[in-house]
Each structure stands twice: as structure tokens, then as C-alpha cells.
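Trainee: Could you pick one part of this model and go through it closely with me? I'd like to see how its details connect to the rest.

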Amino acid sequence: MAGEPQADCLFCKIIAGNIPATVVRETDTTVAFRDINPQAPTHVLVIPKVHYADAAALAAAEPGIAADVLREAGRIAADEKIVEHGYRVVFNTGAGAGQTVFHAHAHVLGGRGLQWPPG
Ligand code: 5GP
Ligand code: ZN
């Protein structure tokens, strides 16, 4: 069924507690945890508890949960005190754009200068 946990999905395993992660916030619909290979002083991933391959698929099927992910990204940025100097919320979509885990996730990046355009 759409949105159901996938046995071969790394982030579904983190949600289930089968793979450890440094969780910074959890809600009924989302989990936020530190990226294992941080690209900035703050690098947190916000994921929906439901499984969709990318942000667009999540938004099409569950717009309320997609909004939850965005709200949580902002909440993490505030908690991490990266709002004042600016931060970035990134949804890599597709292997060609660097997506490696096909469970929708927002990268919340900040705490250093951020170049535009990104690489
Ligand atoms: P993507 O490349 O799909 O946009 O982002 C996947 C992110 O997941 C990467 O930044 C990668 O470092 C992170 N990641 C991969 N495996 C793990 C893991 O086991 N634990 C955590 N916390 N992050 C992971
Ligand atoms: Zn998943």
C-alpha cells in the first residue's frame, strides 16, 4: 500500500529503530536526525514516517505530511540557531541530483556560509 514501510529502505529502518540515529526531534508524522556525513556544522535530515520515494511523491499523496516536514525543518533551524545567518532546506530528487536514499527527506543545512548556486 502507498506509504507503507519498505523492508529494504534505510530510513524506514531508522524509523522502526532497527538502525540507530541521533534523533533531534520526533512528531506523530516526522523524525529528524543528524546526517551521518555532515556537510555543514548543522546538517539534520527531516523525514516523514510514511515511505515515499521523494518529496514530490510525498506532496502528491500526503500534502499535510509534506507541510509537516517543512514546518519541522524550520523548527530545527530555530532550535539549532541557524536562522539569523541563513540556512538551506534541500530535497535532492533523482540520482542525477545526488539522491541516494529513496525515502523523501529534507536536508537542513546551516552554520557556515552557503554558496549560490549550489553544485
Ligand atoms: P541524499 O543523498 O539521498 O539526498 O541524502 C541521504 C543522506 O543520508 C546523505 O546525506 C547521507 O550522509 C545520509 N545517510 C546515509 N546513511 C545514513 C545513516 O545510516 N544514518 C544517518 N544518520 N544518515 C545517513
Ligand atoms: Zn522508507
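Mentor: Gladly! Buried means under 20% relative accessible area, exposed over 50% and partly exposed in between, with a 1.4 Å probe and protein chains only. On that scale, helix α3 has these buried residues: Ile-65, Ala-66, Asp-68, Val-69, Glu-72, Ala-73, Ile-76 and Ala-77. Helices (H or I, at least four residues) and strands (E, at least two) are DSSP runs numbered from the N terminus.

Two notes on the bookkeeping. Residues are numbered from 1 along each chain as its sequence is written, while chains are lettered from A and ligands numbered from 1 in the order in which they are written. The model is predicted, with local features needing pLDDT of at least 70, side-chain atom pairs pLDDT 80 or more, and totals for chains, interfaces and linings using all residues; side-chain values use heavy atoms, without hydrogens or water.

Let's begin with α3 and finish at the metal. The helix covers residues 63-79, 17 in number, and its first and last C-alpha atoms are 24 Å apart. That is close to the expected 24 Å at 1.5 Å a residue, where the expectation is 1.5 Å times one less than the number of residues. The buried residues of α3 pack against strands β1 (23-26), β2 (30-34), β3, β4 (87-90) and β5 (106-110), and against helix α2. Packing here rests on contact, meaning heavy atoms within 4.5 Å.

Thr-30 shows how β2 takes part in this. The residue lies in strand β2, and it counts as buried because its relative accessible area is 1%. Leaving out residues up to four places away in sequence, Thr-30 touches Asp-68, Val-69 and Glu-72, along with Val-46, Ile-47, Pro-48 and Lys-49. Asp-68, Val-69 and Glu-72 are among the buried residues of α3. The side chain of Thr-30 also makes a polar contact of 2.6 Å with that of Thr-27. Polar contacts are N or O pairs within 3.5 Å; within protein, one atom must be able to donate a hydrogen and the other to accept it, and neighbours in sequence count only through two side-chain atoms.

Now follow the chain past the end of the helix. Just after α3, Lys-81 takes a positive phi of about 60 degrees, and it is a residue other than glycine. Most residues other than glycine have a negative phi, and most peptide bonds are trans. Lys-81 sits in the loop between α3 and β4 and counts as exposed because its relative accessibility is 71%. Glu-80 has a link to strand β3: its side chain and that of Thr-42 form a polar contact of 3.1 Å. Thr-42 belongs to β3 and is buried, since its relative accessibility is 5%. Apart from neighbours within four places, Thr-42 is in contact with Glu-80 and Ile-82, and also with Val-108, Leu-109 and Gly-110. Further along, in the segment after β5, Pro-117 is joined to Trp-116 by a cis peptide bond with omega near 0 degrees.

From β3 we can move on to the zinc ion (ligand 2). Its donors are Cys-9 (SG), Cys-12 (SG), His-51 (ND1) and His-103 (ND1), at 2.1 to 2.3 Å. Donors are N, O and S atoms within 2.8 Å of the metal, or 3.2 Å for Na, K and Ca; water is not among the atoms, so sites may look incomplete. Angles among the 4 donor atoms run from 105 to 115 degrees, and the site is tetrahedral, a label that requires all angles of four donors to lie between 85 and 135 degrees. Along the chain the donors follow the spacing C-x2-C-x38-H-x51-H. Distant parts are brought together here: Cys-9 lies in the segment before α1 (10-16) and His-51 in the loop between β3 (42-48) and α2 (55-61), 42 residues apart.

Three of these donors can be read for burial. Cys-9 is buried because its relative accessible area is 5%, Cys-12 because its value is 7%, and His-51 because its value is 15%. Cys-12, in helix α1, is in contact with Pro-5, Gln-6, His-51 and His-103, neighbours within four places aside. On the same basis, the contacts of His-51 include Cys-9, Cys-12, Phe-102 and His-103, and a 3.3 Å polar contact joins the side chains of His-51 and His-103. The disulfide count is 0, with a disulfide taken as two cysteine sulfur atoms within 2.5 Å.

Technical notes. Tetrahedral: all angles 85-135°; square planar, octahedral: opposite > 155°, others 65-115°.
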